[in-house]
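Please walk through this model step by step, moving from one pair of helices to the sheets, the domains and a few single residues.

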Amino acid sequence: MNFFNRIHSLVIKEFQSLLSTKSGRMLLVMPVIIQTALFPFAATLEVKNASLAVFNEDRGRASVEMMQRFAASGAFTKIVPVWSQGEIEGAIGTRDALLAVHIPADFSRRIASGEASPVQVVLDGRRSNSSQIAFSYLQSVLEVYLKDRAASAGRMLPSEIVARNWFVPNLEYTHFILPSLVAIITTIGTLIVTALSVSREREQGTFEQLMVSPLTPEMIMVGKAVPAIVVGFFQATLILIAAVCIYHIPFRGHLVLLYVAMFFYSLALVGVGLFISSVSKTQQQAFLGAFVFMVPAILLSGYTAPVENMPLWLQHLTWFNPVRHFVEIVKGVFLKDASAGRVFSLIVPLLVIGVTNLSLAALMFRRKTS
Amino acid sequence: MESSGIKWISWRRLRALCWKETLQIFRDPSSILIAFFMPMLMLFIFGYGINLDSSQLRIGLWSEDGGREAADFSAALSRSKWLEVHAFGSRADMEQALVDSQIRGFVVLQQDFSRKLSQHGESAPVQLVADGSEPNIAQFVRATVNGVWQSWQMERGDDRGKKMQQEIELVPRYWFNSSAESRNFIIPGSITVIMTVIGALLTSLVVAREWERGTMEALLASPVTRTELLLCKILPYYALGMISLLLCVAAAHWLLGVPFRGTITGLWVVGTFFLLSVLGIGLAISTGMRNQFNAAQAALNAAFLPAVMLSGFIYEISSMPAFLRGVTRIIPARYFVSSMQTIFQAGTIWKLLWPDILMLMGTTVVFIGLTAKLTRRRME
C-alpha cells in the first residue's frame, strides 16, 4: 500500500466513526442551523422595545411636547407614567423601565425665562450599556425637538455633522454577526472533532492498534485532520449560504480568497486540536482542554467586544489567537471586499500558529510511540 | 437488609457513592482545571478583555482647507481624549486604512471649510465616514466627533460674543452602578457562564462515560436505588459548583474590584437552584446520549451557548424579537444573570429576587425530573 492509499482508508474510517450514528450526524448539522437561525436575532447591542418611566411635575406646554416626542420616537414601546420619586425607584428596580425621566416643576417656567432647564434621567446601571444606548436615543430625539423650537423662534443652533457609514450603511447588526458566526461555529466543529478523535480511540483502546499498524504518526495526523477540515468547510458553507440567501447580506469580496484563508484557519485549528488530544488521556480531558482554549479564543476574538477596547498588552497577546485573525478575514472579505494582500497578511499568523501546533503534536505522538 | 428494598435512600450507601464520585473528581486533573482554573481565567477575560466602553478610537483626518479655522478644528479633534487622530499622505491611503480596519472612521474638512463656516448653513462643512462593519464602534465614532464639533462651535461662538446655549439639557444619573462601567455588569453575568460549564458540561461528560464504559450498568445491577444514583451524581458536583461560585465572587470583588452589595445567604439561595437546574440539564443530556462525544457537543449547544447568547448578560433580552424572548424563558441562566446583577449591584433585595428564584425552582424540577424519567427508561 502506498502513502495515499493508507491515508485514504484512514480518512474513510474516520468519517465512518463520525457519521455512523444518527445523533452524530445530527450534531454536525443541527447546531449550525439553530445557531444561524437564533443568534443573529439575539446578538444585538441595539436597544429595542425599551420602556421609559416618566415623572412629570411640570404641566407646561414644553414638557408635554417633549414627552410626546419621546413617545412618538419609536425607540420606546412603553411609557410608564409614575407620580413620585419612589415610584421611579420601583420601576427601575423591578426592570419595568430601563430609563426614567424626571421633569422638575419649574421646567416650563425656566424655559420661558430663557434659562437652561435640566431634566434628570435615571439609568439602570445594572444594564449600563443598554441604558446608555437608550439614553443616546433620547438625546437625539431631544435634539430634533430643540432644532424645531429654534427654527420656529428664528434662533440659530450649532450645525451638525452628518455621518455616513461605509460597508454597512444602516449599521444592521446581522451584517456584523453572520460573518463572525462563520468563524465561530466552524471553530467549535473543527476543534471538537480533532480534539476528541484521538482521545476517543485512546479510551477505547483502538489507538494502540493504529500505532502498531504500518501508519506513521504523521499519517495518522493527516487522517484525523482531513475529516475535521471537511466538517469545518461544510459548516462554514452552510452559514455562508444562509447569510447571503436568507439574511440577504451582500457578499462583496472573492469567495476563493475566503476559502483559501479558511483552509489555513482549519489547519491552525487542527493543530491546536491535535496538540490538545496528544496531551490528554481521556475524552473528558480532551474536551475540557479544547473548551479551555475555545472560550477565551472566541471571547477575545473581537466578536463580543472589539479588540481595540482591550488593554494594549492583551491586544498584543491576541496575535496568538487564530479566531481573531479569521473573524477579521471573514468580515473583511465578506463586507469590505478586502484585498488579497490584506488577507495574506492575516494568514501569516494562522500559518505560524498551525505549523507550531502541528509540530508540537507530532512530537508528542512520536514520543508516545517510541 | 430486607427493608432497604423498599427504602428510597440508604444513607450509608449514598455516603459511599458520593465519596466515590468525589475521588473521581479529584483524580482527574481536567475537572480541577474546569472548576478552579477556568473560572479564574474567565473572570480575568471578562474583567479585561470584554470591554464595551470604547477607550480610544482611531480615526483618520484629511483636510482640504489650509486655513486657520480648519487647523483649529483639527487641533480640537486631536485634543479629545477619546480620539487618536492619524494623518495620511493621500485620501486614497486613508480610505484603504478604513478597509483594512486600521482606522474606524475618518473626517474630511472640505476645501471651503473656513468660508462655509461664516455662512452658517444647516449642515457642517465636515464629512465623517465611519466603519459600518463594526456597528457599536461606528456609533461611538459618530457621537464623539459630533461632540467635539458641537463644543468647538460653541467655544467659537463664545469667543465672538455670540452665545449658543441648549434650552433643555438631559442630565444622566446611574442607579446601582454609578460609575457605569460595563465590567460591573458583565462580571456578575459571566459567573453564570462559569457555573453552567461546571454544572452542565462536566456532569454530562462524567455520566456519559459511565454509560459508555458500562460501569453504569454495573451500578444499576447493584442494590443502589434510582434516587441514590441521582443524588450521588448531584451532591458532589453541587458542592464543587458552590465552592467555585464563592471563589468567583471573592475574586470578582477583591481582585477585580467589582462592588458586591449582597449577602452570602442570597447568593446561596439563588446559586443552589441555578446549580441544580444546570446539573439537571447535564445529567439529562448524558443519560439521553450515553456517548461522551455526543454528550459534550450537546451540552455545549444546549447549555453553554444559550448561557452566553440568550441569558441577557451581554445582549439585552428585551431587544430580542418576541419568539426569542419566549425561548429565553426556559433558560435557567436568564434568571441567574438577572439575580446576580441585582445581588452584586443592588444587594439582596428579596422583593426583586423572588420571581427569579421561583422560576429557577421550576427549571430545577423540570430538568431533574426529566433525568429521573430518562434513567428509569434506561433501566427498563
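At roughly what angle do the axes of helix H2 of chain A and H11(B) cross? In this predicted model, the axes of helix H2 (residues 22-42) of chain A and H11(B) come within 10 Å, and they cross at roughly 5 degrees. Since angles under 35 degrees count as roughly parallel, H2(A) and H11(B) are therefore roughly parallel to each other. On the side of H2(A), the contact is made by A:Ser23, A:Gly24, A:Leu27, A:Pro31, A:Gln35, A:Phe39 and A:Ala42, and these meet B:Asn294, B:Gln297, B:Ala298, B:Asn301, B:Leu305 and B:Met309 of H11(B). By character, the residues of this contact of H2(A) with H11(B) divide into seven nonpolar and six polar, with no charged residue.

That helix pair belongs to a wider interface, in which 90 residues of chain B are in contact with 91 residues of chain A. On the side of chain B that touches chain A, the elements giving two or more residues are helix H2 (29-48), H4, E4, helix H6 (135-159), strand E5 (168-175), helix H7 (182-213), helix H11 (292-309) and helix H13 (332-345) of chain B. The largest share of that side of chain B comes from H6(B), with twelve residues. Taken as a whole, the residues on the side of chain B that touches chain A divide into 50 nonpolar, 29 polar and eleven charged.

The sheets also draw on both chains. One of them is an open sheet of five strands with mixed pairing, in the order E5(A)-E4(B)-E3(B)-E1(B)-E2(B). Strand E5 (163-166) of chain A and strand E2 (83-87) of chain B stand at its edges, each with a single partner strand, so one side of each is left without a neighbour in the sheet. From one strand to the next, the twist averages 25 degrees. Across the chain boundary, E5(A) and E4(B) run parallel and are joined by four bridges, and here A:Ala163 has B:Leu128 as its bridge partner in E4(B). Within chain B, by contrast, strand E3 (residues 105-109) and strand E4 (residues 126-131) run antiparallel and are joined by five bridges, with B:Phe106 standing opposite B:Val129 in E4(B). Helix H3 (residues 68-79) of chain B packs on this sheet, where it touches strand E1 (57-63), E2 and E3 of chain B, and its direction makes about 175 degrees with that of E1(B). Helix H4 (residues 91-99) of chain B lies across E5 of chain A together with E1, E3 and E4 of chain B, and it runs at about 160 degrees to E1(B).

Another open sheet of five strands, again with mixed pairing, has the order E2(A)-E1(A)-E3(A)-E4(A)-E5(B). Its edge strands are strand E2 (76-81) of chain A and E5 of chain B, each of which pairs on one side only, while the twist averages 25 degrees from one strand to the next. Strand E3 (residues 99-103) of chain A pairs with E4(A) in the antiparallel sense over four bridges, and A:Leu99 stands opposite A:Leu123 in E4(A). Helix H4 (residues 85-93) of chain A packs on the sheet and touches strand E1 (50-56), E2, E3 and E4 of chain A together with E5 of chain B, its direction making about 165 degrees with that of E3(A). H6(A) also packs on the sheet, touching E1, E3 and E4 of chain A together with E5 of chain B, and its direction makes about 170 degrees with that of E5(B).

How is each chain divided into domains? The domain assignment gives chain A a domain 1 (3-43 + 172-369) and a domain 2 (50-153), whose C-alpha centres lie 48 Å apart. Chain B is divided into domain 1 (9-50 + 181-379) and domain 2 (57-159), with C-alpha centres 49 Å apart.

A few loop residues of chain A complete the tour. A:Arg126 lies in the loop between strand E4 (117-124) and helix H6 (128-153), and it counts as buried because it has 25 C-beta neighbours inside 10 Å. A:His248, in the loop between helix H9 (217-246) and helix H10 (255-279), has a positive phi of about 55 degrees although it is not a glycine, and with 9 C-beta neighbours inside 10 Å it counts as exposed.

Definitions and conventions. Residues numbered from 1 in each chain as written. Chains lettered and ligands numbered in written order. Predicted model: local features only at pLDDT ≥ 70, side-chain atom pairs only at ≥ 80, totals over all residues. Buried ≥ 20, exposed ≤ 12 C-beta atoms within 10 Å, placed from the backbone. Domains from an automatic or database assignment. Pairing = 2+ DSSP bridges. Axes fitted to C-alpha atoms, helices over the stretch in contact; angles between N-to-C directions. Contact = placed C-beta atoms within 7 Å. Nonpolar A, V, L, I, M, F, W, Y, C, P; charged D, E, K, R; others polar. Parallel < 35°, antiparallel > 145°, perpendicular 65-115°, else oblique.
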